Amino acid sequence: MMQSNTLQYRRVLIKLSGEALIGSCDYGIDPQVIKRLAEEVIDLSGLGVEVALVIGGGNIFRGAGLAQGGMDRVTGDHMGMLATVMNALAMQDAIEQLDGQCRVMSGLSMHQVCEDYIRRRAVRHLEKGRIVIFAAGTGNPFFTTDTAGSLRAIEVGADLMIKATNVDGVYDSDPRKNPDARRYDHLTYDEAIGRQLGVMDATALVLCRDNNMPLIVADINVHGLLPRLVAGERVGTLVTRVNQALENQA
């Protein structure tokens, strides 16, 4: 088992897309996938890492997509927020069935289902070793769950934000379409924004940049990924405010 003194990051926020929960299903949540993800998160928590999660709702509803179909954008976004609550509750159940301790905190008040998001209470849960899932985005329309992940990571003082995707990092073009696509080991936030690389939406990137929140984009389907990341192993693409190589030479 990894020793706690080998951890480079002791409090992390994992941004997980709703699509990652679909697995072999056409829609919704694959029970085997969510169980595997819950196991990975519990293992990470067992190392002494304080773990928070933000899960998207794209496997159920996506507000922007509904708006493109003619629905009022605010209504669509509220439906998308509720989809993230459904995913958060499913993940909480999967974690608790494996004897993990978990709390769901929502940006929208729904007291009969989960706790309201209160920053001090969230930090206290993390300090007690509980896995915290932040649901309902920021609680406001027009903001993505990427932005919610960046905001919550900054608010709770995370050392690292992990964007868990189905790709092993950030590329200069879509690697599924271009076999010659080049993967970046390291990017600055300004490079990611300027080159429009699709790491996250611009608001999320600017939040991380302005608050010096390091981000790693990596493939969540790789078994044992999370412990490797918190130990400081270079996996996926690291995005930071400044070019670390140049900073080390200064």
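A pocket, as the word is used here, is an open set of grid points with protein on both sides within 12 Å along at least five of seven lines. In this predicted model, the largest pocket holds about 950 Å³ of space.

The lining of that pocket comprises 42 residues, and those that lie nearest its centre are Lys15, Ser17, Arg62, Asp146 and Lys163. Several elements take part, since helix H2 (63–68), H3, helix H5 (145–155), strand S6 (160–165) and strand S7 (170–171) each supply at least two residues of the lining. Of the contributors to the largest pocket, H3 gives the most, with five residues.

Besides the pocket, a search of the whole structure finds one cavity of 30 Å³ or more, and the largest cavity has a volume of about 50 Å³. Its lining is formed by Ile14, Leu16, Leu37, Glu40, Val41, Leu53, Met91, Ile220 and Leu226. Strand S1 (11–16) and H1 are the elements that give two or more residues to this lining, and H1 gives the most, with three residues.

The linings of the two spaces can be set out by residue class.

| Space | Volume | Nonpolar | Polar | Charged |
|---|---|---|---|---|
| Largest pocket | about 950 Å³ | 14 residues | 18 residues | ten residues |
| Largest cavity | about 50 Å³ | eight residues | no residues | one residue |

Helices H1 and H3, which were named above, also pack against each other. Helix H1 (residues 31–46) and helix H3 (residues 73–97) meet at an angle of about 65 degrees, with their axes 9 Å apart, and the crossing of H1 and H3 is right-handed. On the H1 side the contact is made by Ile34, Leu37, Ala38, Val41 and Ile42, while H3 brings Ala90, Met91, Ala94 and Ile95. By class, this contact of H1 with H3 has nine nonpolar residues, with no polar and no charged ones. Leu37, Val41 and Met91, which take part in the contact between the helices, are also among the residues that line the largest cavity.

As for confidence, the mean pLDDT of the protein is 91, and 95% of its residues reach 70 or more. Over residues 245–250, however, the pLDDT is below 50, and this stretch has one contact in the model beyond near neighbours in sequence.

Conventions: Residues numbered from 1 in each chain as written. Predicted model: local features only at pLDDT ≥ 70, side-chain atom pairs only at ≥ 80, totals over all residues. Heavy atoms only, no water. Axes fitted to C-alpha atoms, helices over the stretch in contact; angles between N-to-C directions. Helix = DSSP H or I, 4+ residues; strand = E, 2+ residues; numbered from the N terminus. Left-handed = near helix turned anticlockwise from the far one by under 90°. Contact = heavy atoms within 4.5 Å. Nonpolar A, V, L, I, M, F, W, Y, C, P; charged D, E, K, R; others polar. 1 Å grid on protein atoms, 1.4 Å probe; cavity = no way out; pocket = protein on both sides within 12 Å on 5 of 7 lines; lining within 4 Å. Points joined across faces, edges and corners; volume = space filled by probe spheres on them. pLDDT = per-residue confidence, 0-100.
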